[in-house]
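Student: Let's go through this one together, question by question.

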Amino acid sequence: MANQILWFADPRLIKIVMKDEKPVGFLLAYPDISAALQKTKGRLFPFGWIAILHELRTTDWININGAGMIEEYRGLGGTAILYSEMFKSAVENPRYRHAEIVQIGLENDKMQRDMENFGIDFYKTHRVYEKRL
């Protein structure tokens with residue numbers, strides 16, 4: 001997954017919290033290219049890659065999709081730093097006007113509360129269902 005995201009990631013939207021020389025938390029965002037993927041039906045060839053490159057340069061949406069903090073550093077303000085820095089990076093780029101936080105599971109109560117504390121409005125719910133076969 002990391003290799004796929006790095007192909008179209010904006011380095012300004014990758015945030016890492018360090019403690020001394022050790023990374024202890026991260027937050028990832030990337031330009032939303034879903035409109036191009038829908039247009040091309042997910043096909044890169046023969047010309048789908050052109051639509052995707054165009055969308056990378058023109059989209060005004062970013063997807064925030066990936067956050068983590070080592071357990072012993074949770075609750076110490078690192079999450080607030082990550083979101084604050086992500087907000088600054090998104091606002092500094094006048095192209096980005098919208099952000100969507102995607103794929104936070106409903107069972108992740110702590111992250112849901114953190115997001116609510118930052119004033120984030122949830123309009124989608126992600127659930128995982130399981131059935132033994």
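Tutor: One term up front: a salt bridge here is a side-chain nitrogen of Lys or Arg within 4 Å of a carboxyl oxygen of Asp or Glu. Keep in mind that this is a predicted model, where local features need pLDDT of at least 70 and side-chain atom pairs count only at pLDDT 80 or more, while totals for chains, interfaces and linings use all residues. Residues are numbered from 1 along each chain as its sequence is written, and side-chain values use heavy atoms, with hydrogens and water left out.

Student: Okay, how many salt bridges does a search of the whole structure find?

Tutor: Side chains of opposite charge can pair when their charged atoms come close. Searching the whole structure for such pairs gives a salt bridge count of 2.

Student: How many helices and strands are there in the protein chain, and how do the elements run from the N terminus on?

Tutor: Both kinds are DSSP runs numbered from the N terminus: helices are H or I with at least four residues, strands are E with at least two. The chain has 5 helices and 4 strands. From the N terminus on, they run α-β-β-α-α-β-α-β-α.

Student: Which residue forms a salt bridge with Arg-97, and where does that partner lie?

Tutor: Arg-97 lies in the loop between α4 and β4, and its partner is 37 residues away, so to speak, in a distant part of the chain. The closest N and O atoms are 3.9 Å apart, and the partner is Asp-60. That residue's place is the loop between α3 (48-58) and β3.

Student: Is Arg-97 buried or exposed?

Tutor: Buried means under 20% relative accessible area, exposed over 50%, and partly exposed in between (1.4 Å probe, protein chains only). Asp-60 is partly exposed at 22%. Arg-97 has a relative accessible area of 63%, so it counts as exposed.

Student: And which residue meets Lys-88 in a salt bridge?

Tutor: An α-helix has 3.6 residues a turn, so residues three or four places apart point the same way. Lys-88 and its partner both lie in helix α4, 3 residues apart, about one turn of the helix. Lys-88 is partly exposed at 41% relative accessibility, and the partner is partly exposed at 32%. The N to O distance is 3.1 Å, and the partner is Glu-85.

Student: On to the pockets. Which element gives the largest share of the lining of the largest pocket?

Tutor: A pocket is an open set of points on a 1 Å grid over the protein atoms alone where a 1.4 Å probe fits, with protein on both sides within 12 Å along at least five of seven lines; lining residues have an atom within 4 Å of a point. This one has 27 lining residues, with Ile-64, Ala-99, Glu-100, Ile-101 and Ile-120 nearest its centre. Elements giving two or more residues are β3 (61-69), α4 (78-92) and β4 (98-101). The largest share, 6 residues, belongs to α4.

Student: How do the residues of that lining divide into nonpolar, polar and charged?

Tutor: Ala, Val, Leu, Ile, Met, Phe, Trp, Tyr, Cys and Pro count as nonpolar, Asp, Glu, Lys and Arg as charged, and the others, Gly among them, as polar. For the largest pocket, that gives 17 nonpolar, 6 polar and 4 charged.

Student: What volume does the second largest pocket have?

Tutor: A volume is the space filled by probe spheres set on the grid points, which are joined across faces, edges and corners. By that reckoning the largest pocket holds about 590 Å³. The second largest pocket has about 380 Å³.

Student: Which element gives the largest share of the lining there?

Tutor: Of the 22 residues lining the second largest pocket, Ala-67, Gly-68, Met-69, Asn-108 and Met-111 are closest to its centre. Two or more residues come from each of β2 (22-31), β3, α4 and α5 (109-117). The largest share is 6 residues, from β3.

Student: Last one: which elements do the buried residues of α5 pack against?

Tutor: Those buried residues are Met-111, Gln-112, Asp-114 and Met-115. Seen down the axis of α5, they fall within an arc of 160 degrees (taken from the directions from the helix axis to the C-beta atoms), so they line one face of the helix. Contact means heavy atoms within 4.5 Å. The elements packed against are β3, α4 and β4.
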